[in-house]
Structure formats: structure tokens, C-alpha cells
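Me: I have this structure open on my screen and would like to understand one part of it well. Could you pick a single strand and take me through it slowly, along with whatever surrounds it?

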Amino acid sequence: MSKETFHVLTSTAVPLPIENIDTDQIIPARFLKATTREGFGDNLFRDWRFTADNEPIQDFVLNNSRYAGAEILVAGKNFGMGSSREHAAWAIHDYGFRVVVSSFFADIFRNNALNTFVLPVQVSQPFLEALLSAVDQDPTLQIVVDLPAQTISFGERSETFAINTYKKTCLMNGYDDIDYLLSLNADIREFDQAHA
């Protein structure tokens with residue numbers, strides 16, 4: 001996967017007001033055979049998006065052209081529960097989402113998302129409900145996710161969100177764990193020389 005940086009994202013959003021979405025719904029187990037991260041987006045929410053005959057299910061939100069091109073997914077409470085498969089985060093990223101907003105994330109999904117350069121933004125339940133309603137009423141609504149300031153805003157509303165400082169540094173610099181260690185090379189050498 002190419003390295004990305006994340007600072008401020010302004011985008012429309014896809015509303016998915018379903019609670020307790022598990023990783024098998026995000027990417028069904030039968031699609032986990034690939035050995036690279038690419039291509040999983042084609043099967044994101046596969047059983048909700050398509051019939052058994054591979055026909056699009058018209059009333060599922062990802063098949064609604066009003067939300068085409070959105071880089072933010074706004075989901076119900078408890079997103080990413082269930083098994084620990086990394087493929088769920090890969091599918092979300094490969095589909096084109098940079099941010100997932102919910103009022104609660106399963107811990108393993110949160111970590112997998114951050115490792116895949118997808119930012120999980122956890123907000124209060126009232127803020128989430130207001131955002132879902134606003135996006136449903138206006139699919140062109142612009143949402144601003146500011147990672148340096150740790151804020152998410154739309155209209156007149158704004159809320160701060162928490163993020164691990166290390167993961168924030170990685171996202172802002174496009175670092176995976178190895179890149180982060182390499183970025184400390186000069187400091188490590190200086191320490192090593194001072195303590196020879």
C-alpha cells in the first residue's frame with residue numbers, strides 16, 4: 001500500500017445508521033483468500049450491497065449515487081465488532097473511505113483501521129445522531145475532519161475526538177511502525193554515541 005498522510009479532510013459522507021456492524025458484515029469471510037490488500041473494496045458490505053445473483057440492492061446506501069465519492073463513512077454505535085480480521089479495515093480503505101465516524105469502535109478494529117491509514121473518529125451519541133440526520137437530509141453536506149486539532153465539524157456543530165499520540169504522528173507523517181522507527185534513527189545514534 002502506498003504511504004499516505006492525513007491532516008485535514010473535507011468530504012461528503014455516507015450514512016449507515018446501523019448499530020453493531022461486525023467485521024463479517026464489513027467483509028464476508030468467503031472473500032478473505034487474497035494475499036494483498038487490494039481489491040477488498042469490491043466486496044465491502046457485499047451481502048448488503050448485492051443479491052445472490054450479483055445484482056445491486058437498490059435501497060442499500062452504497063448503491064445510491066447521491067453519496068458517490070464520499071470519503072467519510074458515518075456508522076451506528078459499536079462499529080467493527082466481532083472477529084479481528086484486518087481485511088475489514090482493508091476493505092474500507094480500498095473502497096475509498098479515509099474516515100469512519102461512530103460513537104463506539106471495537107478496539108481491534110480501531111487499531112487495524114489506524115494501521116491501514118483509516119481514521120476512526122469516535123464522537124458522542126448526540127453528535128453522531130445529529131450528523132447522521134444532517135447527511136441524510138443533505139448528501140452534499142461538507143464535513144471537516146481536522147486531525148492536528150482533533151476536531152470534526154459540520155454546519156455550526158463541532159466536536160473533539162481522542163486519538164493515540166503515536167498513531168496521530170504516524171497518520172500525519174504517513175508512517176507505518178517501521179517508518180516511525182527509522183524516523184528516530186538520528187536520535188538513536190546520538191543516544192548510542194552518548195552512552196557508548
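Reply: Happy to! One term to begin with: two strands pair if DSSP finds at least two bridges between them. Please also keep in mind that this is a predicted model. The strand I would pick is β4 (99-102).

By that rule β4 pairs with β3, in the parallel sense and over 3 bridges. To find the pairing on your screen, look for valine 74, whose bridge partner in β4 is valine 101. Between these two strands the chain passes through helix α3 (residues 87-95), and this β-α-β crossover from β3 to β4 is right-handed.

β4 also pairs with strand β5 (residues 119-122), again in the parallel sense, over 4 bridges. Here the pair to look for is valine 100 and its bridge partner in β5, proline 120. The chain goes from β4 to β5 by way of helix α4 (residues 107-115), in another right-handed β-α-β crossover.

Now turn to the side chains. In a regular strand they alternate between the two faces of the sheet. In β4, Val99 and Val101 point one way, Val100 and Ser102 point the other way, and all are buried.

What lies against the strand? One answer is helix α5 (residues 125-137), with 13 residues and a reach of 18 Å from first C-alpha to last, close to the 18 Å expected at 1.5 Å a residue. The buried residues of α5 are Phe127, Leu128, Ala130, Leu131, Leu132, Ala134 and Val135. They pack against β4, and also against β2 (13-16), β3 (72-75), β6 (143-146), β7 (151-154) and β8 (157-160).

Another contact of the strand is Phe79. Phenylalanine 79 touches Val100 and Ser102 of β4, and its other contacts include Leu73, Ile92, Phe104, Phe105 and Phe109, leaving out residues up to four places away in sequence. In soluble globular proteins, nonpolar side chains tend to be buried together. Here the largest nonpolar core has 56 residues, and Phe79 and Leu119 touch the most other members. It is α5 that gives the most to this core, with 7 residues.

The connection after β4 deserves a visit too. In α4, the buried residues are Phe109, Arg110, Asn112, Ala113 and Leu114, and they pack against α1 (23-26), α3, β5 and α6. Just past this helix comes phenylalanine 117, with a positive phi near 65°. Phenylalanine 117 sits in the loop between α4 and β5. Its relative accessible area is 5%, below the 20% limit, so phenylalanine 117 counts as buried.

Going out from β4 through β3, you reach β2, which is joined to β3 by 4 bridges and runs parallel to it. In that pairing, valine 14 has leucine 73 as its bridge partner in β3. Like β4, β2 has buried residues pointing both ways: Ala13 and Pro15 on one side, Val14 and Leu16 on the other.

On the β5 side, follow Leu119 to phenylalanine 161, which is in contact with Leu119, Val121 and Gln122, among others. Phenylalanine 161 lies in the loop between β8 and α6 (165-173). With a relative accessibility of 4%, phenylalanine 161 counts as buried. Another of its contacts is Gln150, a residue in the loop between β6 and β7 whose phi is positive, near 55°.

Strand β1 (residues 8-11) makes a nice contrast with the fully buried β4. In β1, Leu9 and Ser11 point to one face and are buried, while Val8 and Thr10 point to the other and are not. This strand is joined to β6 by 4 bridges, and the two run antiparallel. Threonine 10 stands opposite valine 144 there.

Finally, zoom out to the whole chain, with its 8 helices and 8 strands. Its radius of gyration is 18 Å, close to the 16 Å that the globule rule gives for 196 residues, so the chain is as compact as a globular protein of that length. Buried residues make up 44% of the chain.

Terms used: Residues numbered from 1 in each chain as written. Predicted model: local features only at pLDDT ≥ 70, side-chain atom pairs only at ≥ 80, totals over all residues. Heavy atoms only, no water. Expected span 1.5 Å × (residues − 1). Buried < 20%, exposed > 50% of the residue type's maximum accessible area, 1.4 Å probe, protein only. Contact = heavy atoms within 4.5 Å. Right-handed = clockwise from strand over helix to strand, strands pointing away. Core = buried A, V, L, I, M, F, W, Y, C linked by side-chain atoms within 4.5 Å. Rg over C-alpha atoms; globule rule 2.2 N^0.38 Å.
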